[in-house]
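Please look over the structure shown here, together with the report that follows.

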Amino acid sequence: MAKAAAKKTAAAASPSVDRRPALAGRTTTATGVKVEVLPPAERISLRAPEASVAALSKALGLTLPKKPKTSASKGGRTALWLGPDEWLVIDEGGNDPLADCATVAALHSAVGISHRNIAISVTGPAAEAAINSGCPQDLSLDAFPAGAASRTILGKAEIVLLRTSNDAFRVECWRSFSDYVFTFLSEGARDAAG
Amino acid sequence: MSGAFRIPRAGRLSQAKTARFSFDGQSYTGIEGDTLASALLANGVHLVGRSFKYHRPRGFLSAGAEEPNALVQIVRDDARKTPNVRATVQELYDGLAANSQNRWPSLSFDVGAVNDLASPLFSAGFYYKTFMWPKAAWKSLYEPKIREAAGLGVSPDKPDPDHYSSRYAHCDVLVLGGGAAGLAAALAAAETGVRVILADEQAEFGGSLRFETGAKIDGQDGFVWAQAAIAKLTAMDNVRVLSRTTAFGYYAQNFVGLVERVSDHLKAPGHELPRERLWQVRAKRVVLASGAIERHMVFANNDRPGIMLAGAARTFLNHYGVAVGRNVGVYTANDSAYAAAIDLKKAGVNIAAIVDLRDNPTGPVIDEARALGIEINFGRAVIRAGGKLRVSSMTVQPKNGGGERTISVDAILMSAGWTPSVHLFSQSRGKVAFNDETKRFVPGTYAQDCVSVGACNGTDGLSATVDEAYAAGAMAAKDSGAKTAKGTKPKVDASESWSRGMLGAAPGAGPDTTVKAFVDFQNDVTAKDIRQAVHEGMRSIEHVKRFTTNGMATDQGKTSNMHGLAIAAETLGKPIPEVGLTTFRAPYTPVTFGAIVSHARGPLFDPTRKTAIHPWAEAQGAVFEDVGQWKRAWYFPRAGEDMHAAVDRECVAVRKTAGLFDASTLGKIEVVGPDAAKFMELLYTNPWEKLEPGRCRYGIMLREDGFIYDDGVVGRLAPDRFHVTTTTGGAPRVMNHMEDYLQTEFPHLNVWLTSITEQWAVIAVQGPKSRDIIAPLVEGIDMSDEALPHMSVREGKICGVPTRLFRMSFTGERGFEVNVPADYGQAVWEALWAEGQKHGATAYGTETMHVLRAEKGYIIVGQDTDGTVTPNDAGLDWAVGKKKTDFVGIRGMARPDLVAKGRKQLVGLKTKDPKVVLEEGAQIVEDPKQAIPMKMIGHVTSSYWSQNCGRSIALALVAGGRDRMGDTLYVPMPNGVIEVEVTGMVFFDETGGRLNG
């Protein structure tokens, strides 16, 4: 108990500077679609050969998906398949996947990218159309059901797209592209509403 | 009243809903649902334009997208002036204002019409011949004048205030064309449950059911059935119905581009709706139901206003309730014109005569026309039309010669038959085949997963069309994965059917060579021009097309291609299929730049990347420069300072105390894995295996050819982990270069690359006071020179947040680069700034960074190198591992030319007059007294005023440069020759003591 309390106090004492996420709080709505910037999350880029997947899955507390365009989610943590040896792991529960991977001896590369990406949620019945304003993928529920994930493009920016439910998407992009991506999605939302 | 030519009880528009509009300043009244064409015709206006080359008066030829003549300018306001709008497509809205084009001073009196009299000058291929002499006049006189005279309409001169949108879509079955065939196919596919998109260019679906009064489907009038069908399709979840949408291009793998005209038909579109929406559709199967286009008859003066296609006149009557004249002549080579004559006659319009080129045709429409008392003349031709601004007569002659008879008319309807619209099929790379019996090109060999149905497939008759289309729609659905079909095929109760018609020039088109019998109205090509092209040696139809311009430009030969081909074939004495058909090009009809650009304008033209520290720099009044997509702080002017004053102050301050610089845009790659060092050995010239964790090294990356590709400082964080930095502009390509080699050449290495450019904000703190500024904020890192020497890296905390702290210098001063997670970038910068203020530190921008590094002779890849510079050329031999046996570029670097004497080498230059600053890019010569062109031996790559040196400094690539130390060279400039001395590249602190100063 005492130890936990001390740790908590130490965490509260630092940092001495504030975190200023890009686009914090930005949101826009149109008929049938809402676009909003999501709060910061912990993220890692995970690379590993097939042989390490089991050990990493265990350490991360979820089963790393092995099929293209899929993701796995558990306890606020989601792993998105991006390539045969590549996952984007997002933790919205305040736990650090980088620390979890650090305990794994099996061959892998885990690199912290919590600040590299920002996330924008696009929700509502017109969300699919809003994203299709600049994303050439087939986002119908058959081709891209809830849980589907893909690294793709929106206009001239690279994004990672995750369908969190039938009417909701999470769009991840690099920090400096976030203004472009948010603006593009806002334009798409305006048109999808029409 | 909406016009004297509106027929009561005819057409489908509601007379009650009127709309005011203007044409060339004159006010008129039309009806909602009119096109500009039908509204003008209702008011008796036929003269709407002047032709492209001869400025001949022109009226409406058609009632649709194939219109070559009635191109007008639609003016909504000062910024919205759209040229070349087809009046037959533009829907009327209250307040519409249109102007005619290509005339001066007025439509009825056009000075340019002198071209018509001077037409021998403008015959086929005239621009290749007439203006050839004197040669010099082409550039100065002929070309500018021709360009001024050419082109139709006036481009808008203000930014387009409208917005355009885009949408990607996928479907199982894409049906293009919404006539009877398209609707039947769409119904069949949709009933299986697969995803269907149905598009039609018209405001209302139905295609030729708009005018075919004889069509009955499922017990209803054809057009009524079409509206019921579209209502049914619209209500289905698996169907997207797009009206006012033109499929303009058919690309690889069933990728089709369509433009939806969203608001051009609205009186006040408002700001929410886009003007147009670009649809990019990927379909598993495509059903082409694009119909057929009626051909005109080729005879003398067949372009006079009032002469139009028979089907168009029928559309104007049966859909819009407009009679195209009061005393109408008909000239035909097939049955469809009879139907037009019958409909008009029944509506109370006098039919002066039907002139039929055929000898003794029979059929129900002929009988019906005769029964209505219409005069019919078989085996005769209209050899010319009378009238100028409007047709006034037609002169008729037996087709094999004989007495002429002139009949007064105020309109002539013509039909030479119908041409299947194979444009999209041809764009899909399908090969057409000539049907000798019906004399038409129809889809032959398919190149993609598509099928043609109905008139565009050469299928005649409504019943056969619906059968074919319904079956094709069901098959397309099945092929794209449909399991069950549960619909019923529409039943055709009555239909119209037409026989074949003719191709080429009719008797009225010559062989007399002075008459103008138009083949291509939009490009002013006559039958004579095509014959002349053949006589002048053109044999291929592609050459005839280019020589005459027949079928070119926005028209794409919709009405003209087959006539042009037939005349060429006849003149050549060859059968049509041997002469061949020209290739149809996208777009089918013109597409606006706005639709193509769609969202990519203004802030969405290209991503504008800003660092986490950008807001601070902006608040400080920094001036920014574009570096790739990044905005970088260029310099930080204080009150009253210009750029030079600001940069001089920043440069001095950094060397005197310290400066803060936002280096966040530097590319950063984390290289992780047990083989990380092995990989680095292969990608960089330098040795890495022995670099200890916690130390850094300046690395050079080459291409396979041995030239410098990128550079940057690399820190080893752990035995299996490197933090690599790249140039700002090089970040993406360096990552690709590394990934490419890793995957293709070195796949055996256990190493992975992750871009961390945006994970870390980077604050460079440089100058003698840099450590004093940083130290108070750092936890867990010993900042002493012993513990943290130059070129080392530590992980710890600053301001309580994680940092990768590099001790490194791009200024030659003691320096650090503080990496912090990007969201903390600005706050840590502010904390460092506050510390810096205690020591008189300055913020500096990229210009000062450039000057300071040049004072030290540090190169910038891409400025001091240009892709032809080796490490040796750049004086960087020391960075190439001498004992290394392999790395990318090692063999390239050993090529004879790359080790030859006399290569351009990077050196310093000092102007003899220290106040003179050389121009970057200026050429360098040995002897300025040589004759021009002088022998250039090099050029200036970097040049600045250095306040710290009290003089100008420059870097240059000079042939054999390192052997010329102390030599005087010359830089010839427009205002005189500048003398320079060749020096070493280090201008400041040659011993490098300040790195620890």
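Which residue follows helix 14 of chain B, and what is the sign of its phi? Helix 14 of chain B is followed by B:G573, whose phi is positive, near 70°.

## Basis of the model

This is a predicted model, in which local features need pLDDT of at least 70 and side-chain atom pairs count only at pLDDT 80 or more, while totals for chains, interfaces and linings use all residues. Residues are numbered from 1 along each chain as its sequence is written, and chains are lettered from A and ligands numbered from 1 in the order in which they are written.

## Helix 14

Helix 14 of chain B covers residues 561–572, helices being DSSP runs (H or I, at least four residues) and strands likewise (E, at least two), numbered from the N terminus. From first C-alpha to last, its 12 residues reach 16 Å, close to the 16 Å expected at 1.5 Å a residue, where the expected span is 1.5 Å times one less than the number of residues.

Of the 12 residues in helix 14 of chain B, 10 are buried (20 or more other C-beta atoms within 10 Å of a residue's own, with C-beta atoms placed from the backbone), among them B:M562, B:L565 and B:I567. The buried residues pack against several elements of chain B, including strand 16 (292–295), helix 12 (527–535) and helix 13 (541–548), contact meaning that C-beta atoms, placed from the backbone, lie within 7 Å.

## Helices 5 and 6

In chain B, B:A180, B:L183, B:A186, B:L187 and B:A190 of helix 5 meet residues of helix 6 that include B:G222 and B:L233. The residues of this contact divide into nine nonpolar, one polar and no charged, where Ala, Val, Leu, Ile, Met, Phe, Trp, Tyr, Cys and Pro count as nonpolar, Asp, Glu, Lys and Arg as charged, and the others, Gly among them, as polar.

Notes: Two residues are in contact if their C-beta atoms, placed from the backbone, lie within 7 Å.
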